[in-house]
Amino acid sequence: MILHSYSPKQVLDAMAFQKAEYCLCVAAAGTPPAQGNDIVLACYPSDWVDEPDPMAFSLNEIQSEIIADKKTQRWLKFQQLVKQWKDERGSRSSITQAATLQPYQKIIGMGDDAVPLIISQLRSEGEKPDQWFWALKAITLHDPVKPEDRGNFRKMAQAWILWYENNGW
Amino acid sequence: MAGSWRPQDHPYLTEDTFNITSDCDPIYNCIAWAAGDNQNWWWPDDMEIGYWPVGIPRIESMDAFVQAY
């Protein structure tokens with residue numbers, strides 16, 4: 001087994017590249033990657049060559065298994081759905097259409113577990129927050145956004161982040 | 001991503017048929033821009049996420065859009 005540390009982005013890139021190939025293993029016990037911690041990636045090359053860097057393998061040759069803790073698995077699932085949603089949404093203007101796409105609905109379907117992940121996503125998006133408000137509203141049944149701030153995504157993001165900090169989840 | 005749209009969504013555009021006038025910005029949409037607003041995302045969704053002028057039905061219909069303008 002080869003252990004290396006990779007940033008969450010590197011891991012996601014590897015996952016996206018491999019697509020249907022099962023690979024990737026993450027061991028990040030107790031380290032929520034949403035907070036920017038590196039993920040320990042362990043890859044098992046099929047021919048068990050002593051390769052110094054598993055990412056240097058032809059990814060099809062890599063066989064591995066997920067040994068992630070549940071928190072990391074949820075984060076990886078969420079990030080995959082985020083990417084799928086953004087790809088499928090394209091340049092749609094309709095909030096309703098965007099929110100009813102399957103990946104977005106799957107995020108809502110993650111329920112309470114999705115809330116801290118969405119808040120983390122909002123934080124990471126900074127001054128260009130995406131449309132996570134529908135999901136937050138649907139899951140939490142709350143709406144901390146002032147009526148006059150509807151449509152102003154920056155103010156809406158601030159309201160939700162503040163709500164989360166004050167109320168937790 | 002170039003402009004406020006994705007090039008793959010407009011495959012027939014070529015370099016000599018358009019100009020990029022601004023970077024992509026997820027803060028506002030085409031409807032808002034047409035109304036001179038680049039700070040809000042306009043949409044009459046019934047979850048009340050988007051901005052929509054007060055008094056105009058939050059319905060995705062041509063009539064509602066005409067009234068909004």
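**Exercise 1. Work out what share of chain A is buried, and how its elements are ordered.**

Step 1. Of the 169 residues of chain A in this predicted model, 30% count as buried. A residue is buried if 20 or more other C-beta atoms lie within 10 Å of its own, exposed if 12 or fewer, and partly exposed in between, with C-beta atoms placed from the backbone.

Step 2. Chain A has seven helices and four strands. Helices (H or I, at least four residues) and strands (E, at least two) are DSSP runs, numbered from the N terminus. Read from that end, the order in chain A is β-α-β-β-β-α-α-α-α-α-α.

Step 3. Now look at contacts in chain A with a separation of 6 or more: residues 24 or more positions apart account for 59% of them. Two residues are in contact if their C-beta atoms, placed from the backbone, lie within 7 Å.

A note on conventions: residues are numbered from 1 along each chain as its sequence is written, and chains are lettered from A and ligands numbered from 1 in the order in which they are written. As this is a predicted model, local features need pLDDT of at least 70 and side-chain atom pairs count only at pLDDT 80 or more, while totals for chains, interfaces and linings use all residues.

**Exercise 2. Decide which parts of chain A to read with caution.**

Step 1. Start with the average: chain A has a mean pLDDT of 72, and 59% of the residues score at least 70. pLDDT is the predictor's confidence in each residue, from 0 to 100.

Step 2. Find the weak stretches. Over residues 1-5 of chain A the pLDDT is below 50, and this stretch has 13 contacts in the model beyond near neighbours in sequence. The pLDDT is also below 50 over residues 17-67 of chain A, a stretch with 98 such contacts.

Step 3. Where pLDDT is low, the predicted coordinates should not be read in detail.

Step 4. For chain B, the average pLDDT is 86, with 93% of the residues at 70 or above. The model as a whole scores ipTM 0.84 and pTM 0.71.

**Exercise 3. Is chain B compact or spread out?**

Step 1. List the elements: chain B has two helices and zero strands.

Step 2. Chain B is more spread out than a compact globule, because its radius of gyration is 14 Å, well over the 11 Å that the globule rule gives for 69 residues. The radius is taken over C-alpha atoms, and the rule is 2.2 Å times the number of residues to the power 0.38.

Step 3. Add the outline: along the principal axes, the C-alpha atoms of chain B fill a box of roughly 40 × 20 × 20 Å.

Step 4. Buried residues make up 20% of chain B. Of the contacts in chain B between residues at least 6 apart in sequence, 2% join residues at least 24 apart.

**Exercise 4. Describe the side of chain A that touches chain B.**

Step 1. Count both sides: 17 residues come from chain A and 21 residues from chain B.

Step 2. On the chain A side, α3, α6 (133-140) and α7 (153-167) each give two or more residues. Helix α6 of chain A gives the most, with three residues.

Step 3. Sort that side by class: four residues are nonpolar, eight polar and five charged. Here Ala, Val, Leu, Ile, Met, Phe, Trp, Tyr, Cys and Pro count as nonpolar, Asp, Glu, Lys and Arg as charged, and the others, Gly among them, as polar.

Step 4. Zoom in on A:T96, found in helix α3 (residues 95-99) of chain A. Leaving aside neighbours within four places in sequence, A:T96 is in contact with B:D45 and B:E60. A:T96 is partly exposed, because 16 other C-beta atoms lie within 10 Å.

**Exercise 5. Find the residues with a positive phi that are not glycines, and say how exposed they are.**

Step 1. A:L141 has a positive phi of about 60° and sits in the loop between α6 and α7 of chain A. A:L141 counts as exposed because it has 7 C-beta neighbours inside 10 Å.

Step 2. B:E48 also has a positive phi of about 60°, and lies in the loop between α1 (30-34) and α2 (62-68) of chain B. With 19 other C-beta atoms within 10 Å, B:E48 is partly exposed.
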